[in-house]
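Q: Could you walk me through this model before I start looking at it myself?
A: Gladly; let us go through the sheet first and then the loops and the chain as a whole.

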Amino acid sequence: MNTNRYFEIIDKEGKGRNDVPEFEDALKEIIRSHDLSLKISAKHPTDEDYHALLCELFQTDLDPSVSIVSPFYCDNGARMRFGKDITINKGATFLSAGIIEIEDGVLIGPDVKIATVNHDLEDRHHQFYFKKVTIKKNAWICIGAIICPGVTIGENAVVAAGAVVTKDVPDNAVVGGNPAKIIKYLK
């Protein structure tokens with residue numbers, strides 16, 4: 001499957017449209033990822049083929065230290081990047097067309113949502129903007145948090161339950177609220 005044409009366009013310009021021929025490439029990846037997310041979500045993480053399905057979804061040899069609890073949804077598995085010793089709890093939703101990178105030691109709580117895509121305000125049905133989300137080493141994203149496009153969560157940072165993160169979070173910061181603001185720094 002060739003998904004490169006569409007994704008090269010959004011990487012260079014940070015935007016893409018669903019009314020261009022190249023969108024067919026993106027649609028194939030969305031359908032592939034959706035189908036695999038459904039298969040994964042119907043399984044228990046201890047099932048024999050669970051890890052193999054994750055590797056197929058993410059198109060990589062996912063390190064065995066990465067634990068993802070079903071149910072789980074990802075719309076662009078080929079656009080995910082993982083380190084080691086990562087835990088992603090149940091109900092996570094990743095809209096990853098703009099790339100999501102999760103570094104070593106990250107904890108992601110239940111029902112966390114991460115988005116890398118946004119709609120244009122004027123042409124919301126056809127024009128999209130894509131921005132990478134990076135979660136740095138040993139960060140902890142608590143239950144129900146939402147991470148918006150373009151955000152970097154710093155090393156050892158904590159995102160409180162239910163927070164809506166619209167801006168970068170510094171290393172060692174604890175943030176909470178909507179929009180998320182710094183509560184304190186860890187020592």
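**The sheet and its surroundings**

A: In this predicted model, four strands make up an open sheet with parallel pairing, and their order is β4-β7-β12-β15.

Q: Which strands stand at the edges there?
A: The edge strands are β4 (80-82) and β15 (152-153), and because each has a single partner strand, one side of each is left without a neighbour in the sheet.

Q: How many bridges hold β4 and β7 together?
A: Three bridges join β4 to strand β7 (residues 100-102), in the parallel sense, and within that pairing Arg81 has Glu101 in β7 as its bridge partner.

Q: Remind me what kind of bonds we mean when we say that strands pair?
A: In general, strands of a sheet pair through backbone hydrogen bonds, and the pairing may be parallel or antiparallel.

Q: OK, next: how do β18 and β19 run, parallel or antiparallel?
A: They run antiparallel, with four bridges between strand β18 (residues 173-176) and strand β19 (residues 181-185), and one of the paired positions is Gly176, whose bridge partner in β19 is Lys181.

Q: What sits between those two strands?
A: The hairpin of β18 and β19 has four residues between the strands, and Gly177 there takes a positive phi near 100°. The loop between β18 and β19 also holds Pro179, and the peptide bond that leads into this proline from Asn178 is cis, with omega near -5°.

Q: Which other strand does β18 pair with in the parallel sense?
A: That is strand β16 (residues 158-159), which is joined to β18 in the parallel sense by two bridges, with Val158 finding its bridge partner in Val174 of β18.

Q: And the faces of β18, are they covered or open?
A: Both faces are covered, since Ala173 and Val175 on one side are buried, and Val174 and Gly176 on the other side are buried as well.

Q: Back to cis peptides: where is the one that involves Pro71?
A: Pro71 has its place in the loop between β2 (67-68) and β3 (72-74), and the cis peptide bond in question joins Ser70 to Pro71, with omega of about 0°.

Q: What is the usual picture for phi and for peptide bonds?
A: As a general matter, most residues other than glycine have a negative phi, and most peptide bonds are trans.

Q: Then what about Gln59, where is it and how is it covered?
A: Gln59 lies in the loop between α3 (50-58) and β2, and although Gln59 is not a glycine, its phi is positive at about 50°. With a relative accessible area of 48%, Gln59 counts as partly exposed, because the class of exposed residues begins over 50%.

Q: And Asp85, is that residue buried or exposed?
A: Asp85 is exposed, with a relative accessible area of 52%. Its loop is the one between β4 and β5 (87-88), and Asp85 also has a positive phi, of about 55°, without being a glycine.

Q: Switching to α3, what does Cys55 touch?
A: Leaving aside residues up to four places away in sequence, Cys55 touches Thr60, Asp61 and Leu62. Cys55 lies in helix α3 and counts as buried at 16% relative accessibility, because the cut-off for that class is under 20%.

Q: How far apart are Cys55 and Gly77 in space?
A: Their C-alpha atoms are 9.3 Å apart, while in sequence the two residues are separated by 22 residues.

Q: Let's zoom out: how many helices and strands are there in the chain?
A: The protein chain has three helices and 19 strands, and 43% of its 187 residues count as buried.

Q: What does the radius of gyration say?
A: The protein chain has a radius of gyration of 16 Å, which agrees with the value near 16 Å that a compact globule of 187 residues would have. Taken along the principal axes, the C-alpha atoms fill a box of roughly 50 × 45 × 20 Å.

Q: And what about charges and surface?
A: There are 22 positive and 27 negative side chains, and the centres of the two sets lie 5 Å apart. The protein chain exposes about 9,600 Å², of which carbon and sulfur atoms supply 52%.

How values were computed
Residues numbered from 1 in each chain as written. Predicted model: local features only at pLDDT ≥ 70, side-chain atom pairs only at ≥ 80, totals over all residues. Heavy atoms only, no water. Pairing = 2+ DSSP bridges. Rg over C-alpha atoms; globule rule 2.2 N^0.38 Å. Buried < 20%, exposed > 50% of the residue type's maximum accessible area, 1.4 Å probe, protein only. Areas by Shrake-Rupley, 256 points an atom, 1.4 Å probe, with all protein chains shown as cover. Lys, Arg positive; Asp, Glu negative; His and termini not counted. Charge placed at Lys NZ, Arg CZ, Asp CG, Glu CD. Contact = heavy atoms within 4.5 Å.
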